[in-house]
Amino acid sequence: FKESHDLFFTPFYRNQGMYGLEIHANAIDTILRSAYLRDASGVTNFLIILISLFLSIGILIHQKPLIGLLITSLFLMLLFFCGLILFSRNQYLFNLFNPMFGVLSVYIGALLYHYIVVEGERRKIKQTFSRYVSPKVIDTLIDSRIRLGGETREVVLFFSDIRGFTT
């Protein structure tokens with residue numbers, strides 16, 4: 001058969017190719033079994049986009065950038081593998097580009113939000129406290145989460161009065 005030049009490459013057999021007779025046999029088998037590829041309806045595609053956007057907004061907006069990147073990567077892989085499973089088992093096609101693009105857009109939006117809002121708050125805290133306390137104390141305030149109500153510590157204080165300095 002190799003000498004007959006009847007070897008064709010298909011999307012599923014890119015490396016080894018299929019014989020033309022086999023391609024025709026598969027087409028006839030698909031017609032006889034009515035196992036056609038089915039496209040998802042516009043409503044289904046829209047719902048997938050909507051659900052993926054709302055989930056990603058709800059999850060990513062409050063995450064730190066690296067954790068958000070990890071969650072986004074996992075979510076994109078989940079979308080891809082769900083599409084792959086639906087295609088391979090049920091010959092069902094749905095648009096993967098739009099939900100994936102939406103999730104990536106939400107991640108980029110969350111990154112911008114984090115940079116603009118959170119970093120803006122840090123700059124504001126630095127500017128406000130830089131007049132009163134040392135930069136080391138400011139960095140400690142920014143790096144640690146400030147708890148309302150303060151904290152209890154055991155400390156030693158030394159008060160001194162220089163004679164004749166105050167009236």
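Analyst: Before we start, a cavity here is a set of grid points over the protein atoms alone where a 1.4 Å probe fits but cannot get out. Keep in mind that this is a predicted model.

User: OK, what volume does the largest cavity have?
Analyst: Counting cavities of 30 Å³ or more, the search turns up one. For the largest cavity, the volume comes to about 60 Å³.

User: Which helix gives the largest share of the lining of that cavity?
Analyst: Leu60, Gln63, Lys64, Pro65, Gly68, Tyr107, Ala110, Leu111 and His114 make up the lining of the largest cavity. Two helices, α3 and α4 (97-129), supply at least two residues each. The largest share, four residues, is from α4.

User: And how many residues of that lining are nonpolar?
Analyst: Let's take the other classes before the nonpolar one. The lining of the largest cavity has one charged residue and three polar ones. Its nonpolar residues number five.

User: How confident is the predictor, and which helix has the highest mean pLDDT?
Analyst: Across the protein chain pLDDT averages 83, and 93% of the residues score at least 70. At the low end of the elements sits helix α5 (residues 135-143), with a mean of 77. At the other end, with a mean of 90, is helix α3 (residues 65-90), so the name you want is α3.

User: Thr72 is in α3, so is it buried or exposed?
Analyst: Thr72 lies in helix α3. Leaving out residues up to four places away in sequence, Thr72 touches Leu60, Val103, Leu104 and Tyr107. Its relative accessible area is 3%, and because the cut-off for buried is under 20%, Thr72 counts as buried.

User: Where does Asn45 sit, and is it buried or exposed?
Analyst: Asn45 is part of helix α2 (residues 42-60). Setting aside residues up to four places away in sequence, its contacts are Ala40, Phe94 and Asn95. The relative accessibility of Asn45 is 18%, so with the line drawn at under 20%, Asn45 is buried.

User: How much space lies in the second largest pocket, and which helix gives the most to its lining?
Analyst: The second largest pocket holds about 460 Å³ of space. It is lined by 16 residues, and the closest to its centre are Phe12, Asn26, Thr30, Arg33 and Leu37. Two elements, α1 (20-33) and α3, give two or more residues to this lining. With six residues, the one that gives the most is α1.

User: How many charged residues are in the lining of the second largest pocket?
Analyst: Again, I'll go through the other classes before the charged one. Nine residues of that lining are nonpolar and five are polar. The charged ones number two.

User: What does Asp29 form a salt bridge with?
Analyst: Searching the whole structure gives one salt bridge. Asp29 and its partner both lie in helix α1, four residues apart, or about one turn of the helix. The closest N and O atoms of the pair are 3.0 Å apart. The partner of Asp29 is Arg33.

User: Which residue of that pair is exposed?
Analyst: The cut-off for exposed is over 50%. Asp29 has a relative accessible area of 34%, so it is partly exposed. At 55%, the exposed residue is Arg33.

User: What is odd about phi at Ser34, and what is its value?
Analyst: Most residues other than glycine have a negative phi. Ser34 lies in the loop between α1 and β3 (38-39), and it is exposed, with a relative accessible area of 51%. Although Ser34 is not a glycine, its phi is positive, at about 55°.

User: Gln91 also has a positive phi, so which loop is it in?
Analyst: For Gln91, another residue other than glycine, phi is near 50°. Gln91 is partly exposed, with a relative accessible area of 29%. Its loop runs between α3 and β4 (92-93).

Key
Residues numbered from 1 in each chain as written. Predicted model: local features only at pLDDT ≥ 70, side-chain atom pairs only at ≥ 80, totals over all residues. Heavy atoms only, no water. pLDDT = per-residue confidence, 0-100. 1 Å grid on protein atoms, 1.4 Å probe; cavity = no way out; pocket = protein on both sides within 12 Å on 5 of 7 lines; lining within 4 Å. Points joined across faces, edges and corners; volume = space filled by probe spheres on them. Nonpolar A, V, L, I, M, F, W, Y, C, P; charged D, E, K, R; others polar. Buried < 20%, exposed > 50% of the residue type's maximum accessible area, 1.4 Å probe, protein only. Contact = heavy atoms within 4.5 Å. Salt bridge = Lys/Arg side-chain N within 4 Å of Asp/Glu carboxyl O.
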